[in-house]
Amino acid sequence: MNYQYHITVNPIRGNAIQAFDSLCREWGGKAILILLPSGDYAEQPMLSLTVERSFDLQGAITEANLYARRIDKQGYQTRRVKIEVPAMDYGHVEVQNSAHTLSGIA
């Protein structure tokens with residue numbers, strides 16, 4: 001199944017932006033930035049990584065959290081971990097209590 005991980009970090013400044021972009025590319029993903037017009041979290045830099053895995057949602061949660069810890073070890077502070085699945089696969093995903101599992105990161 002395809003999963004897409006979005007791991008949001010605190011705002012990044014200066015040369016750290018290029019380093020974050022390089023890190024994301026090294027892991028096979030890309031660095032993206034969502035800019036909202038206002039709010040507490042108007043600036044949302046994140047790793048966006050699409051993976052194809054044979055494991056279930058709990059396996060995806062575990063792997064996404066591992067990426068978040070790896071990002072933290074590189075000096076960035078993880079704010080949120082989000083996992084997306086294609087709409088066509090939605091019926092194949094068990095979602096029981098997954099939000100509670102993810103809430104430990106952000």
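Buried here means under 20% relative accessible area. Keep that cut-off handy for these exercises on a predicted model.

**Exercise 1. Work out how strand S1 sits in the fold: which strands does S1 pair with, and in which sense?**

Start with burial. In S1 (residues 2-9), 6 of the 8 residues are buried, so the strand is largely enclosed by the rest of the structure.

Now look for partners. One is strand S3 (residues 43-52), which pairs with S1 in the antiparallel sense over 7 bridges. To get the register, find glutamine 4: it stands opposite threonine 50 in S3.

The other partner to check is strand S4 (residues 78-84), again antiparallel to S1, this time over 6 bridges. Here valine 9 stands opposite threonine 78 in S4.

**Exercise 2. Describe helix H2 from end to end: what caps its N-terminal end, and what follows it?**

Begin with the span. H2 covers residues 57-73, so 17 residues, and its first and last C-alpha atoms are 24 Å apart, close to the 24 Å expected at 1.5 Å a residue.

Next, the ends. Aspartate 56 does the N-terminal capping, with a side-chain oxygen 3.2 Å from the backbone nitrogen of glutamine 58. After the helix comes glycine 75, with a positive phi near 100 degrees.

Then go through the buried positions, which include Leu57, Ala60, Ile61, Ala64, Tyr67, Ala68 and Ile71. It helps to recall that an α-helix has 3.6 residues a turn, so residues three or four places apart point the same way.

**Exercise 3. Classify the ring pair of tyrosine 5 and tyrosine 67, and say which parts it ties together.**

First, the count: there are 3 aromatic pairs in the structure. For this one, the ring centres of tyrosine 5 and tyrosine 67 are 6.2 Å apart and the planes make 50 degrees, so call it tilted.

Now place the residues. Tyrosine 5 is in strand S1 and tyrosine 67 in helix H2, so the pair ties together parts 62 residues apart in sequence. Both tyrosines are buried. Add Trp27 and you have one aromatic cluster of Tyr5, Trp27 and Tyr67.

**Exercise 4. Map the largest nonpolar core: which residues touch the most other members, and which element gives the most?**

Of its 22 residues, Tyr5, Phe20, Leu47, Ile71 and Ile83 touch the most other members. At least two residues each come from S1, helix H1 (16-26), S3, H2 and S4. H2 gives the most, with 7 residues.

Finally, zoom in on phenylalanine 20. Leaving out residues up to four places away in sequence, phenylalanine 20 touches Val9, Ile12, Ala31, Met46, Leu47, Ile71 and Tyr76.

Technical notes
Residues are numbered from 1 along each chain as its sequence is written. This is a predicted model: local features need pLDDT of at least 70, side-chain atom pairs count only at pLDDT 80 or more; totals for chains, interfaces and linings use all residues. Side-chain values use heavy atoms; hydrogens and water are left out. Helices (H or I, at least four residues) and strands (E, at least two) are DSSP runs, numbered from the N terminus. The expected span of a helix is 1.5 Å times one less than its number of residues. Buried means under 20% relative accessible area, exposed over 50%, partly exposed in between (1.4 Å probe, protein chains only). A polar contact is a pair of N or O atoms within 3.5 Å; within protein, one must be able to donate a hydrogen and the other to accept it, and residues adjacent in sequence count only if both atoms are side-chain atoms. Two strands pair if DSSP finds at least two bridges between them. Rings of Phe, Tyr and Trp (its six-membered ring) pair if their centres lie within 6.5 Å; planes under 30 degrees apart count as stacked, over 60 as edge-to-face and the rest as tilted. A nonpolar core is a set of buried Ala, Val, Leu, Ile, Met, Phe, Trp, Tyr and Cys residues joined through side-chain atoms within 4.5 Å. Contact means heavy atoms within 4.5 Å.
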